[in-house]
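Please open the structure in your viewer and keep the sequence panel beside it, since this tour moves from one selection to the next.

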Protein chains: 4
Amino acid sequence: MIKDEDFIKNPDVPGPTKEEIRCLVLCKSNVSNQDIVVDIGCGTGGLTIEFAKRAKYVYAIDINHKAIEITRQNIKKHCVNENIKVLEGNGLDILDKLTNIDLLIIGGSSGKLPLLIKKGYNKLNNNGRIIITAILLETCVEAISTFKELSIIPDVVDISISKGKIIERGTMMFAKNPITIISAKKQN
Amino acid sequence: MIKDEDFIKNPDVPGPTKEEIRCLVLCKSNVSNQDIVVDIGCGTGGLTIEFAKRAKYVYAIDINHKAIEITRQNIKKHCVNENIKVLEGNGLDILDKLTNIDLLIIGGSSGKLPLLIKKGYNKLNNNGRIIITAILLETCVEAISTFKELSIIPDVVDISISKGKIIERGTMMFAKNPITIISAKKQN
Amino acid sequence: MIKDEDFIKNPDVPGPTKEEIRCLVLCKSNVSNQDIVVDIGCGTGGLTIEFAKRAKYVYAIDINHKAIEITRQNIKKHCVNENIKVLEGNGLDILDKLTNIDLLIIGGSSGKLPLLIKKGYNKLNNNGRIIITAILLETCVEAISTFKELSIIPDVVDISISKGKIIERGTMMFAKNPITIISAKKQN
Amino acid sequence: MIKDEDFIKNPDVPGPTKEEIRCLVLCKSNVSNQDIVVDIGCGTGGLTIEFAKRAKYVYAIDINHKAIEITRQNIKKHCVNENIKVLEGNGLDILDKLTNIDLLIIGGSSGKLPLLIKKGYNKLNNNGRIIITAILLETCVEAISTFKELSIIPDVVDISISKGKIIERGTMMFAKNPITIISAKKQN
């Protein structure tokens, strides 16, 4: 896994997704080198780049121009430009034009999460997977209720991580903000 | 409870103990208005002041001159100077001179935690209580093993709190660093 | 605080609210002995009894007959029957008939949370407070969005507690399920 | 990742290590298919089997006969017997006889953690890694202080996970016990 500090950052762009969360998203995704991945709301590009190292191809999408720029910089820094296409724009519109998706990652939705999940789920290949990372309570609930509408019971995991900082007097634990991963598999 | 932001702070002094933690320490302490409280490592004075509002008398002790100063300022701000004595110096030495203690709070120990616990525990009045708040893993383990030496099984609670920040898009949860409260009652 | 194990339990009734959570709810409530408290969804009676010890009067309400029974048993056990009235029925209907409320606690809502919050909030005395304890993600989001409709920004705190069990080899931490406390003050 | 429920369990044997923790240990380990792995305190065999799928060879060691039995059953169930050797006995003694170790995983130490870490660290190949999973506070502190003696600053991560259970009324979060992962790389 790439260390958090090895990503170029922009204060106006969220991310990168913390190392441990990237790790858990990769696990939940069950990604293989045959998979086509779509990463909507790619932010700093943390997940995009991890997937590019393990999947066949990654589409990284963000509506925020600064996110697109910083993702491009991180792709260059981590030398994974061969199998990534970076697309600036609305996730829903771009999703319309894409076909053959094995893995849909949603880290940002510009308020269109239910539509994104429904459209994305329908477009998924057989055995496709969809993963939402949520830092807002409302996103969790919206994702879960959308899956319920689709008659799917998603896997919901909330993760709280503290990192130890070893100082002279001992080990202080510094908490990272919690994040929830909601995932589901296409039911053929 | 006093809000965290209502304490005067000094960047060189730890604290104030977060509102929710002060609340839990008060609960675990079972403080009454007949209790004499000793607060070793008073830091910013957060717990000192909460106890002063509920106990008979509080001795606030810190070895750090800046902590003593900021505690004095907070006592003044919160108008609780009538039943607090602020003492600058080594907790162990000052503890030697105090008698009649119902409640011993240890938030800092300058590396002398086992001695402080043993001496403090022995000096406690009947039904006295001792509470350690720990932000270092090593402090937890040291406190627990000292209690074991005294043939006491302490109550150990680790608390992780996240506070919701309501922004336009929804509610983000911001994690506070975890803290462990180790407490025991004098076994008469 | 009453220990969790000192409440009579019924497997069909949720609760009692864990000691540390009761403690935090009491803190957030800022309860005084002048306060009239309404506890909707009293379950096992944990919060009801803690409030009865600190407030002027408590109305404990639950729609579940078994909850009413177990609450009555716990009231008897903890000898706080002097200032509690236990009411079986729908929270919304009973709330209609009550006046002069300083503190409204909602631990269960039978799916009527927005209505309960709105009606309850309007009925609160000046400086009244309303507190929701939520174990469902959906309850958090619903409470927050209802407060937003009322143009109120509530205090939102998520609490995760682990309790240490001291065994021969060391101290194991056992996690309790997280709970969220959403609270607000009547804005006069 | 293998689902927790897909391991055969024995109530007298700890484990399996939860899916999310296995996932994070794999990430921290940076395992490759060239790696020789030693798993001391293999318990139910959860980590052993995950590593067998990704590494060149795994030695699974436990002093508890029942752990050895259940690990063998799980190896058979998950069809990974080709590159695992299961060894019953004291981790320290067995470690003495092993050479060429890229990855040392310690999930149990029979009270010999400092010796295991020191001996194991010295035996590691260049770029070798050592990972301790701790459920006891004392194990964390002991591991950290042993690494300090070796002039190594380990990576310390405490992980708390809650899993959502979707019921009719909404999503309840069920907490798993926290676990700490302490890891370090051989400094050549």
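Begin by selecting chain D together with chain A, in what is a predicted model, and look for Ser160(D), whose C-alpha lies 2.5 Å from the rotation axis and which comes closest to that axis among the residues of chain D. The axis belongs to the operation that lays chain D on chain A, a turn of 180 degrees with a shift of 0.0 Å along the axis, leaving an RMSD of 0.0 Å. That is the relation of a two-fold axis. The same surface serves both copies, as 100% of the contact residues of chain D recur in chain A.

Before moving on, it is worth noting how confident the predictor is: chain A averages a pLDDT of 96, with 100% of its residues scoring at least 70, and the model as a whole scores ipTM 0.92 and pTM 0.95.

Next, stay with chain D and select helix 2, residues 46-54. Is this helix enclosed or open? Seven of its nine residues are buried, so the helix is largely enclosed by the rest of the structure. To see which ones, colour Gly46(D), Leu47(D), Thr48(D), Ile49(D), Glu50(D), Phe51(D) and Ala52(D), the buried residues of helix 2 of chain D. If you then show the surrounding elements of chain D, you will find that the cover over these buried residues includes helix 1 (19-29) and helix 3 (65-77), along with strand 1 (36-40), strand 2 (57-62), strand 3 (84-88) and strand 4 (101-106).

Now turn to chain B and chain C, and select the residues where they touch: 27 residues from chain B and 27 residues from chain C take part in the contact. About 2,100 Å² is buried between chain B and chain C, and carbon and sulfur atoms give 63% of that area. On the chain B side, pick out Cys27(B), Val156(B) and Ile166(B), which lose the most area to chain C and together account for 23% of what that side buries.

For the polar side of this interface, display Lys28(C) and Glu20(B), whose side chains meet in a salt bridge at 2.7 Å, N to O. The count of salt bridges between chain B and chain C is four, and seven residue pairs are in polar contact. Finally, colour chain B by element: helix 1 (19-29), helix 6 (137-149), strand 6 (155-167) and strand 7 (170-175) each supply at least two residues of the side that touches chain C. The largest share of that side, 11 residues, comes from strand 6 of chain B.

Technical notes: Residues are numbered from 1 along each chain as its sequence is written. Chains are lettered from A and ligands numbered from 1 in the order in which they are written. This is a predicted model: local features need pLDDT of at least 70, side-chain atom pairs count only at pLDDT 80 or more; totals for chains, interfaces and linings use all residues. Side-chain values use heavy atoms; hydrogens and water are left out. Buried means under 20% relative accessible area, exposed over 50%, partly exposed in between (1.4 Å probe, protein chains only). Helices (H or I, at least four residues) and strands (E, at least two) are DSSP runs, numbered from the N terminus. Contact means heavy atoms within 4.5 Å. Copies are superposed by least squares on the C-alpha atoms of residues with pLDDT of at least 70 in both. pLDDT is the predictor's confidence in each residue, from 0 to 100. Buried area is the accessible area (1.4 Å probe) that two parts lose on being put together, summed over both. A polar contact is a pair of N or O atoms within 3.5 Å; within protein, one must be able to donate a hydrogen and the other to accept it, and residues adjacent in sequence count only if both atoms are side-chain atoms.
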